[in-house]
Amino acid sequence: MSELSTDRSPANTILRLVAEGKVTSRAQAARVTGMARSTIGLHVDQMLRDEVLAELEESQGARGRPARELTVGRGAGYVVDVIFDRTNTCVAISDASAAVVDSRTIDILLNPDPKAVIGKVLDAAADLLSGHGLVLSDVRQVIASVPAPVDFHEGVTAHRSIMAGWEGIQIAKILSEHFGAPALMDNDANLMALGAATTVHRDELPLLHLQLSTGIGAGLITADAKIHRGADGSAGDIGHLRIDSRAQARCQCGKVGCIGAYASLHAVMSQLGIETDSVTDPRAGREALTQLVRKADPAALAALRDAAGHLGQLTAILVDMFNPRTIVLGGGMIELSDDVLSTIRGVVYQEALSIATRRLVISPSRLGNKAALVGAARLGADELLDMSPQVGQARYLAE
Ligand SMILES: [Zn+2]
């Protein structure tokens, strides 16, 4: 996202600045890039002819002249975003400025029938595209978000995740072949973190996003606004850390004492005797817990506060490890009760190094369940802008 990188063509530099909303006119482009106005004019005119850029007429400009605003055009291509979720999978189209053009939620459980889910995803995408007069060749990138660790070398979800039955299904490959465009699959915690990073200023990075829900996951956005995936893509997979040495709960991974086994929403529900069958409807258990919290049921509040205390310890360790400027907390656990947020905050400020907490801001997610979609659209736009010199517009983007 650096604006004036020298290894980009002038046209790509202008396109990026427009896509990021930093430039809306030729004059502004000249000021920001330092290029001559005549050079800017040539590139902008060519991009307007190719519809890579578009010009919005604003009726009321200065001195009665119609002001025209540069924006990305249809020729810059579109991204199909697929946010796989246990209960509601979302399909969306976004553009080169990372704006979500349209989206649709599919009411289908991830388990037990992956084929049916993928079929509905492709149907929804076809509907969305035709609804906006778009065809398959307008899709230049696909981003898939999954609620499971991702094996980046194989493009599949890792074994023993909550996506039981999806092991070995090459989701990215299926989507890439269908749309005839590159497809990237990422863990939802990473994309939620990228989404959260779009809501803060650049100097509020690095950002750590914790998703405290049925499972526990983290995503880290570095100071230069990139996802930290680690060597194999498993960075942030923190649900199996052992925080409390006395914990004896058995985790779905087979080990004993993983924090996800005693401090996740799922764990809190089983401690309270709420049915947590993930194969049948997982929403029913969530609703039962919400009712208990609303009634201020003492056992429910105690179980939540206990879990929040452990999550605070986990967060304090991560703060010492990564020294983020911002922590964003999302997921059902945070939405259930304000106590969870304040308990986590309290433990972090008490236990983490004071140098790391002096300017640290811990806040609840502002994007709610849209975080992964916002992140996917952001990642998709970055990919789109990176590849645009090779796709279609080689004529003017090449030097
Ligand atoms: Zn585990």
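This report covers a zinc site, a cavity and a strand in one structure. The model is predicted.

**Zinc site**

Four residues hold the zinc ion: His240 through ND1, and Cys251, Cys253 and Cys258 through SG. The coordination distances run from 1.9 to 2.3 Å. The geometry is tetrahedral, with angles of 103 to 119 degrees among the 4 donor atoms. Along the chain, the donors are spaced as H-x10-C-x1-C-x4-C. His240 and Cys253 lie 13 residues apart, and this pair links distant parts of the chain. Both sit in the loop between strand E11 (216–221) and helix H7 (265–271).

Are these two donors buried or exposed? His240 has a relative accessible area of 32%, so it counts as partly exposed. Cys253 has 22%, and because buried means under 20%, Cys253 is partly exposed too.

**Cavities**

The model has 3 cavities of 30 Å³ or more. The second largest holds about 50 Å³ of space. Its lining is made up of Leu301, Leu304, Arg305, Ala308, Ser337, Asp339 and Val340. Helix H9 (298–322) and helix H11 (338–351) each supply at least two of the lining residues. H9 gives the largest share, with 4 residues. By class, the lining of this second largest cavity counts 4 nonpolar, 1 polar and 2 charged residues.

**Strand E12**

Strand E12 covers residues 326–330 and is mostly covered, with 5 of its 5 residues buried. Thr326, Val328 and Gly330 point one way from E12. Ile327 and Leu329 point the other way. Residues on both faces are buried.

E12 pairs with strand E10 and with strand E13, as the table shows.

| Strand paired with E12 | Residues | Sense | Bridges |
|---|---|---|---|
| E10 | 207–212 | parallel | 5 bridges |
| E13 | 361–364 | parallel | 4 bridges |

Which residue stands opposite Leu329 of E12? Leu210 does. On the E13 side, Thr326 has Val361 as its bridge partner. Leu329 and Thr326 are both among the buried residues of E12.

**In brief**

The zinc ion has a tetrahedral site, with one His and three Cys residues as its donors. The second largest cavity is lined by residues that include Leu301 and Asp339, and H9 contributes 4 residues to that lining. E12 is joined in the parallel sense to E10 and to E13, and 5 of its 5 residues are buried.

Key:
Residues are numbered from 1 along each chain as its sequence is written. This is a predicted model: local features need pLDDT of at least 70, side-chain atom pairs count only at pLDDT 80 or more; totals for chains, interfaces and linings use all residues. Side-chain values use heavy atoms; hydrogens and water are left out. Donors are N, O and S atoms within 2.8 Å of the metal (3.2 Å for Na, K and Ca); water is not among the atoms, so sites may look incomplete. Four donors count as tetrahedral if all angles lie between 85 and 135 degrees; four count as square planar and six as octahedral if opposite donors are over 155 degrees apart and all others between 65 and 115; anything else is irregular. Buried means under 20% relative accessible area, exposed over 50%, partly exposed in between (1.4 Å probe, protein chains only). On a 1 Å grid over the protein atoms alone, a cavity is a set of points where a 1.4 Å probe fits but cannot get out, and a pocket is an open set with protein on both sides within 12 Å along at least five of seven lines; lining residues have an atom within 4 Å of a point. Grid points are joined across faces, edges and corners, and a volume is the space filled by probe spheres set on the points. Ala, Val, Leu, Ile, Met, Phe, Trp, Tyr, Cys and Pro count as nonpolar, Asp, Glu, Lys and Arg as charged, and the others, Gly among them, as polar. Two strands pair if DSSP finds at least two bridges between them.
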